[in-house]
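Let's take a walk through a protein together, starting where a small molecule sits and ending at the sheet. Have the structure open and follow along.

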Amino acid sequence: MTATKPRRTLVAYSSKNGSTAEIARWIGEELREQHIDAEVAPISDISSVAAYDAVVLGAGLYAGRWPGEAVRFVRRHRQALTEQDVWLFSSGPLDGSATERAIPAVPAVARIAAKLDAHGHVTFGGRLTDGARGFIARGLRKQGKGGDFRDREQVCAWGRSIAAELTVVSNHH
Ligand SMILES: Cc1cc2nc3c(=O)[nH]c(=O)nc-3n(C[C@H](O)[C@H](O)[C@H](O)COP(=O)(O)O)c2cc1C
């Protein structure tokens, strides 16, 4: 068997208040620990995804949607993304639900997953801190919805499953 080509993986994220950015970094660290060549970047910094074999794309949920920049990113890079191995994640629920059961993608994100033939989508818990910007964020906090509901081990386990799939895929290339 010939040596397998190193597979370059991009972990791209859209994060208004930093919690999805941190989830993306955890995934990147986990992939590198599993010997995957992974880079992590905000989608605003990415002009092309052509250099990558695989893309993990995640965004925070706002009013039941991904932010517009995440949707536009998919539209702009759709051609390349349909040819790549793609995984998607969302970060949102401000309670323990995401660690207790699988939360389906919101409809628009489910449609993106189908269009890109993504290998999977997962919803992770979110985080709302005192620093979060905006009137609604302040309102949510007043209702006692603040806190950090992300589960790093859950995120890392997902990262490991991606690494395992990437290794299988690259052995078949
Ligand atoms: C204005 C606002 C609206 C939100 N709407 C949703 C929502 O519809 N569904 C959800 O699961 N989480 C919702 N959340 C929680 C965020 O998705 C969560 O805080 C997430 O971790 C934010 O990611 P970010 O820090 O990367 O921007 C909302 C938070 C705010 C502040």
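In this predicted model, a backbone N or O atom of arginine 127 lies 2.8 Å from an oxygen atom of the ligand. Threonine 20 and proline 93 also have polar atoms beside ligand oxygens, as the table shows.

| Residue | Part of the residue | Distance to a ligand oxygen atom |
|---|---|---|
| Threonine 20 | side chain, N or O atom | 2.6 Å |
| Arginine 127 | backbone, N or O atom | 2.8 Å |
| Proline 93 | backbone, polar atom | 3.2 Å |

There are 21 residues around the ligand, and Thr20 is among those that come nearest, along with Ser15, Leu61, Tyr62 and Gly64.

Thr20 also takes us to helix H1, where it is one of the buried residues. Others buried there include Ile23, Trp26, Ile27 and Leu31. H1 covers residues 19-33. From first C-alpha to last, its 15 residues reach 21 Å, close to the 21 Å expected at 1.5 Å a residue. Just after H1, histidine 35 has a positive phi of about 70°.

What does H1 lie across? It crosses strands S1, S2, S3, S4 and S5, running at about 165° to S1.

Now for the sheet: it is open, with five strands in the order S2-S1-S3-S4-S5 and parallel pairing. Strands S2 (37-42) and S5 (120-124) stand at the edges with a single partner strand each, so one side of each has no neighbour in the sheet. On average, neighbouring strands are turned by 15° against each other, direction ignored. S5 runs parallel to S4 (residues 85-91), joined to it by five bridges. Look for serine 91, whose bridge partner in S5 is phenylalanine 124.

Notes
Residues are numbered from 1 along each chain as its sequence is written. This is a predicted model: local features need pLDDT of at least 70, side-chain atom pairs count only at pLDDT 80 or more; totals for chains, interfaces and linings use all residues. Side-chain values use heavy atoms; hydrogens and water are left out. Two strands pair if DSSP finds at least two bridges between them. Helices (H or I, at least four residues) and strands (E, at least two) are DSSP runs, numbered from the N terminus. Axes are lines fitted to C-alpha atoms, for helices over the stretch in contact, and angles run from 0 to 180 degrees between N-to-C directions. Contact means heavy atoms within 4.5 Å. The expected span of a helix is 1.5 Å times one less than its number of residues. Buried means under 20% relative accessible area, exposed over 50%, partly exposed in between (1.4 Å probe, protein chains only). A residue is near a molecule or strand if one of its heavy atoms lies within 4 Å of it. A polar contact is a pair of N or O atoms within 3.5 Å; within protein, one must be able to donate a hydrogen and the other to accept it, and residues adjacent in sequence count only if both atoms are side-chain atoms.
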